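Me: I am new to this structure. Please take a close look at one part of it, the place where two of its domains meet, and tell me what is there.

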Amino acid sequence: MQEEFDIIVIGSGLGGLECGVMLSREGMGVCIVEQAAVPGGCLQSFRRRGHSIDTGMHYVGSMQQGGIMRRYFDYFGIGDSLEIRPLDEAFDIVSPGGAGEFAYMHGYDEFRRHLTSLFPREAAGIARYCDKIREIGDSIGVEVHRSGRLSSGGVKYLGASAAEFIGECVADPLLRSVLAGTNPLYGGVRESSPLYHHAMINHSNIEGACRFAGGTQHIADALAARIREHGGTILTGCRASALHTEGRRITGVELADGRILRAKSVISAIHPAATFGLIGPTPVLRRAFRDRMADMPGTYGLFSVYLLLRPQSFPYINRNLYYYAEGGDVWDTLFDTEAMRPKMVLFSAQPPCADPAWSEVVTLMAPIATDIWSAWSGSAPGRRPEAYTALKTAVAEHLTDFVCERLPGLRAAIEQTYAATPLTYRHYTGIPHGAAYGLQKDCRNVMATCIPVRTKFENLLLTGQNLTVHGAIGVTLSAAATCAELLGTEYLAKKIGDA
């Protein structure tokens, strides 16, 4: 096997695969090293009783023609091969406990019109909110890319608070809850979540939210196929065990089986703490730096319940439902393990493969603390102790009860239930403790919580959700920023913008 490359990418989640596609299609010899049996990270799908079940990506925005995510997928060469299912005009429904249901509409005109019809006294504030969200979202739009930039400066809003901005725009407490109601998409925390994250996620969904039919694994498979078509190599079942260094350069990537791969540059798409943990003693990395990387807090985790439904027993719902507990705070979302009570649950159905009118697989997701699972962090899937299984089963039952109370007919349709804890996510992503969105960003201390692409080593770059923004859009932008260090920002941005 070839053991020298232009680029070695460690990790084959969305960011790692995107880096592999960008660099290989631009003529570089790329090798991706992945410890799992198949590439994809949280794009992976698993099968149960004949159904393909998605692990992490349940819907994504900016997928309409002219949207920036669609433009990236077109540049990767996979846009036409994806099975895209646009969500309804009312794509998200936020239900603050006991206060009704409020729709997020596709398109800013409809989004603004609908909320203004419900909160007419807040018309000016709703307009201000929409204008700012659009301004931030447009800072990474297609026209910005065509001008030779990946961003036109929206990152300055990493230092602004999402909750405070919403509060400045509108006074009605209920409307504030509605506008903040999708915060679990970015690991929302009232005190620290940046306006930039809130805006990027919501803008992309308002532009054009969709689901992927046939399982998100086909996105990973399509990206992997493009890498191979461009002459790239993907090594699965191969764990990077060490990074060899000489001065300020990485000289080799050692695999667990003892092989050493060499490349001009290395990109790490895994957690920064795990990346620097691969590097032995060196004066380049001081103890204080290693300790800071290891101690940086992660976001909360997600607990997922996968419901397999009986054929033609429950209608397919082509939107996402955000249910909050009665009397609760939409920023206070973590499952209460003392009272065994959910504070919020997101309902999202996978596009059916058979009859489009009927649901086949439904996912329920709830934010949950990662530390409650730490006692079992040394165990492996399929070999967890009884106490872990008991807690997992109890949480799954409470989440299911919570949603079934709000959706009559769902319980009778359930044929089989499966569940995943933060430790399950850790198995797929390698993120410490199974944090759902990697490192927690803090608008009050941006420099300490946002990780740069470049490292202290001349030829070691980072990518992925730990850098700047969570989610598919954030990971994709981070991948482009990483590759721009090797290809040039103006060149790459224009290639993507004109794809």
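Reply: Here is a walk through that interface, followed by a look at the cavity.

This is a predicted model. Start with the layout. The protein is split into three parts: domain 1 covers 4-81 + 214-296 + 439-498, domain 2 covers 106-208, and domain 3 covers 300-434. The interface in view is the one between domain 2 and domain 3. Their C-alpha centres are 27 Å apart. Contact involves 15 residues of domain 2 and nine residues of domain 3.

How much area is buried between domain 2 and domain 3? The figure is about 1,000 Å². Carbon and sulfur atoms supply 63% of that area. On the domain 2 side, three residues lose the most area to domain 3: Asn 183, Pro 184 and Arg 190. Together they make up 44% of what that side buries.

Now the charges. One salt bridge is counted between domain 2 and domain 3. Arg 190 pairs with Asp 329 in a salt bridge, with 2.7 Å between the closest N and O atoms. So Arg 190 appears twice here: it is among the residues that lose the most area, and it forms a salt bridge.

Polar contacts come next. Four residue pairs make them across the interface of domain 2 and domain 3. The domain 2 side that touches domain 3 has seven nonpolar residues, seven polar residues and one charged residue.

Last, the empty space. The count is one cavity of 30 Å³ or more. The largest cavity holds about 30 Å³. Its lining includes Asp 54, His 58, Arg 211 and Phe 212. Ser 348, Ala 349, Gln 350 and Pro 351 line the largest cavity too.

Note on methods: Residues numbered from 1 in each chain as written. Predicted model: local features only at pLDDT ≥ 70, side-chain atom pairs only at ≥ 80, totals over all residues. Heavy atoms only, no water. Domains from an automatic or database assignment. Contact = heavy atoms within 4.5 Å. Buried area = accessible area lost by both parts, 1.4 Å probe. Salt bridge = Lys/Arg side-chain N within 4 Å of Asp/Glu carboxyl O. Polar contact = N/O pair within 3.5 Å; in protein donor to acceptor, adjacent residues only side chain to side chain. Nonpolar A, V, L, I, M, F, W, Y, C, P; charged D, E, K, R; others polar. 1 Å grid on protein atoms, 1.4 Å probe; cavity = no way out; pocket = protein on both sides within 12 Å on 5 of 7 lines; lining within 4 Å. Points joined across faces, edges and corners; volume = space filled by probe spheres on them.
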